[in-house]
Amino acid sequence: MIVPILDLSQAFDKEARSELILQLRDALLSVGFFYVTNVPIDDHPGLLQSLTSQATEFFALPSESKSRLSMANSPHFLGYSGFASEITANARDLREHIELATELPAPPKSTLTKEDEVWRNLEGPNQWPEPEQIPQFRPVVERYISETSKFARWFISLVAEALSLDPSAFDAFFKPNQQCKMKLVKYPESGAHPDGVHGCGAHRDSNFLTYLYQATPHVSLQIQDRLNSGAWVDVPPIPDTLVVAVGQTLEYITKGVCTATVHRVLAPEPGIGDRLSVPFFQTIDAACVASSLEIPEELLRLRDARTERGEKIGFQFAADGSKPVGWTVLLNRIKSHRDVAQRWYPELLAYVLAQV
Ligand SMILES: O=C(O)CCC(=O)C(=O)O
Ligand SMILES: [Fe+2]
């Protein structure tokens, strides 16, 4: 399985655009993972460099400064998650990270206890480190979120075109100040934990599309080749590219035409330095009640011709159309961050743990 490289400058070139659209269609349908280069963001390589510097400075802060931003303080699952506190595929991830999002106000407190509103707490304010300690952190992260959100919004129209849909086909799933999320992640080279195996266990992203920046040269990210042997295939970093991953939301909305691929991150071996990465998650309006689009027959036929082998790691909590998408997302967050859930959603945690 080859992870294709798409040159986005072709989108602005009359002759080359149709070739790009065909490559994108194939990438969405057959691999679900691809690189994009020439990302149309002003001085994108410079922005990535600044982000790497800020991530490096952040992780070097004293551990008390990071713990003050603990995700457990936040019913919105935003903030710092210490080494091996997150759980994927029932094992601890050998990484630490800070989760940040489009800065939005918290919903009214009353939503915390109302089952049909509780998912609104996915939105809320970030926990920022002290500017005295790391002055450029907030401006750089906010710029990254704002620029990447704009780019990701534009990219949706290319996805629509690649699927022979109207350019506005996905508009109903996004609101004007749509929340996007990101993580700054550090995989320490000598990280070990009795309940952990990988840097990040095998999973499929649950959002719409993910834009991943691999900030260090480690060859650690892998996807599972489900169409063939089920083998793990490296997705090595390529300078000045982002890796785009189809999430389960896009897969669901397109009736399985776009494929969300299982991936994992190997922990760096001792001696090769810490790995840094920055996944950026484009999410849909949590208030949407799951629905799918009219998909051209020709694409449904291509979907049906695809034979999949290997393990299908799916939503533990599938969107069933009876509740807003945010409900499913919240249950998945609870499953991954049990310390946050224990503090803010103890009853839902008990419900989730009874199913895993
Ligand atoms: O760190 C990476 O390269 C990927 C992380 C990832 O897959 C995730 O956080 O969903
Ligand atoms: Fe992922």
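1. Salt bridges number 14 in this predicted model. The paragraphs below take up three individual pairs and one network.

2. One of these pairs is E161 with R17, whose closest N and O atoms lie 2.5 Å apart. E161 belongs to helix α4 (residues 137–162) and R17 to helix α1 (residues 14–31), so this salt bridge ties together parts that are 144 residues apart in sequence. As to solvent access, E161 is partly exposed, at 35% relative accessibility. R17 is likewise classed as partly exposed, its relative accessible area being 25%.

3. R333 and E99 form a further salt bridge through their side chains, with an N to O distance of 2.8 Å. R333 sits in helix α7 (residues 325–336), while E99 is part of strand β6 (residues 96–101); the pair therefore ties together parts 234 residues apart in sequence. Are these two residues buried or exposed? Both R333 and E99 are buried, that is, each has under 20% relative accessible area.

4. A salt bridge also joins the side chains of E115 and K323, at 3.5 Å from N to O. Distant parts of the chain are linked here: E115 is in the loop between β6 and α4, and K323 is in the loop between α6 (297–305) and α7, 208 residues apart. E115 is partly exposed, with a relative accessible area of 48%. For K323, also partly exposed, the value is 30%.

5. Which residues are joined into one network by salt bridges that share partners? They are K66, E96, K186 and D274.

Definitions and conventions: Residues are numbered from 1 along each chain as its sequence is written. Chains are lettered from A and ligands numbered from 1 in the order in which they are written. This is a predicted model: local features need pLDDT of at least 70, side-chain atom pairs count only at pLDDT 80 or more; totals for chains, interfaces and linings use all residues. Side-chain values use heavy atoms; hydrogens and water are left out. A salt bridge is a side-chain nitrogen of Lys or Arg within 4 Å of a carboxyl oxygen of Asp or Glu. Helices (H or I, at least four residues) and strands (E, at least two) are DSSP runs, numbered from the N terminus. Buried means under 20% relative accessible area, exposed over 50%, partly exposed in between (1.4 Å probe, protein chains only).
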